[in-house]
Amino acid sequence: MKDILAEIVAYKRTVVAAAKQQRTISDLENAPLFNRSVVSLVNFLQQPQKSGIIAEYKRKSPSRGVINDRNSVEEVTQAYANCGASGLSVLTDDKFFGGSSEDLTKARTLVEIPILRKDFIVDEYQVYEARAIGADVILLIAECLTKEEVLHLSGVAHNLGMEVLLEMHTEAQLDKVSEHVNMVGINNRDLVTFNVDIDRSIALAAKLPADKLKVAESGIDNIDTIVTLRNAGFKGFLMGEYFMKQEDPGKAFNDFVNALAQTTSK
Ligand SMILES: O=C(O)c1ccccc1NCC(=O)[C@H](O)[C@H](O)COP(=O)(O)O
């Protein structure tokens, strides 16, 4: 199996090197959105009247190919926000996921809920970039960063007023959690084999630090799974493909959230 993560990270380094030639960090600091007030995803995920779902705008992926090339980022993210999403995740990688920074900024101008920049962050330049394009939260992936890198990048995000979701897949990666990580995400998808196993989140739940909000990521496609994950202590549920592959992702999201509310009010 080809190591897609290594390929993505190598690509990111070339993209960052090129971006630095175009715009310096001080250019990013002067971007119109750079000093806007950040909206806390941790707060939104703790509001009981919201779904806890972080709904992802995802056009394609290495594991699935094209998922949705019909519905615009404006249409989908507005629908998600209006129908009870606790947060949005917008993929800003172009090559592997068909996203862009412009996608995130378009969503930012339309919605007021927290937005996660979903990308492969390996350089502090990308953290400044996240702030400049309107993100509230960054994703750090333990699998492609050292403990020192997580500490540094989460510190930069914290100093810029943003929150950090640290994604991991194994218990050994828990060692990389730093003081400026606000949320720990368990990715149910193995990024080498692409196998998805929801039990991955359940198995690791009790081992996660009590002071970090728990987020389950990937492969979630039904209400029973969310109920099980909630009972295991998860407050956030990152869902992309399940909604994006439907004819009308916004309607599918609305139907799902209503059914979830009915199930949990019984
Ligand atoms: O989704 C992939 O194929 C993928 C491959 C390599 C690295 C990351 C990948 N996905 C990123 C994600 O974390 C998911 O988009 C996110 O958790 C939502 O997952 P899903 O609900 O299964 O679309």
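This is a short tour of a predicted model, moving from the annotated domain to the ligand and then to two helix pairs. Residues are numbered from 1 along each chain as its sequence is written. Because the model is predicted, local features need pLDDT of at least 70 and side-chain atom pairs count only at pLDDT 80 or more, while totals for chains, interfaces and linings use all residues.

Begin by selecting residues 5-253, which an unreviewed UniProt entry lists as "domain: Indole-3-glycerol phosphate synthase"; such annotations may be inferred rather than shown by experiment. Over this range the chain is 39% helix and 17% strand (DSSP runs numbered from the N terminus, helices being H or I of at least four residues and strands E of at least two), and the end C-alpha atoms are 29 Å apart.

Next, select the ligand and the 17 residues that surround it, the closest being S61, S63, S218, G240 and E241; a residue is near when its C-beta atom, placed from the backbone, lies within 6 Å. Strand 10 (236-239) and helix 10 (241-244) each supply at least two residues of this shell, which has 7 nonpolar, 6 polar and 4 charged residues (Ala, Val, Leu, Ile, Met, Phe, Trp, Tyr, Cys and Pro count as nonpolar, Asp, Glu, Lys and Arg as charged, and the others, Gly among them, as polar).

Now move to helix 4 (residues 73-82) and helix 5 (residues 101-110), whose axes, lines fitted to C-alpha atoms over the stretch in contact, come within 9 Å and cross at roughly 45°. The two helices are therefore oblique to each other, since angles under 35 degrees count as roughly parallel, over 145 as roughly antiparallel, 65 to 115 as roughly perpendicular and the rest as oblique. Show V73, E74, T77 and Q78 of helix 4 with D103, K106, A107 and L110 of helix 5, which make the contact (C-beta atoms, placed from the backbone, within 7 Å).

Finally, select helix 9 (residues 223-231) and helix 11 (residues 249-265), which pack at about 50° with axes 10 Å apart, so helix 9 is oblique to helix 11. Here I223, I226 and V227 meet A259, L260, T263 and T264, a contact of 5 nonpolar, 2 polar and no charged residues.

Notes. Axes fitted to C-alpha atoms, helices over the stretch in contact; angles between N-to-C directions. Contact = placed C-beta atoms within 7 Å.
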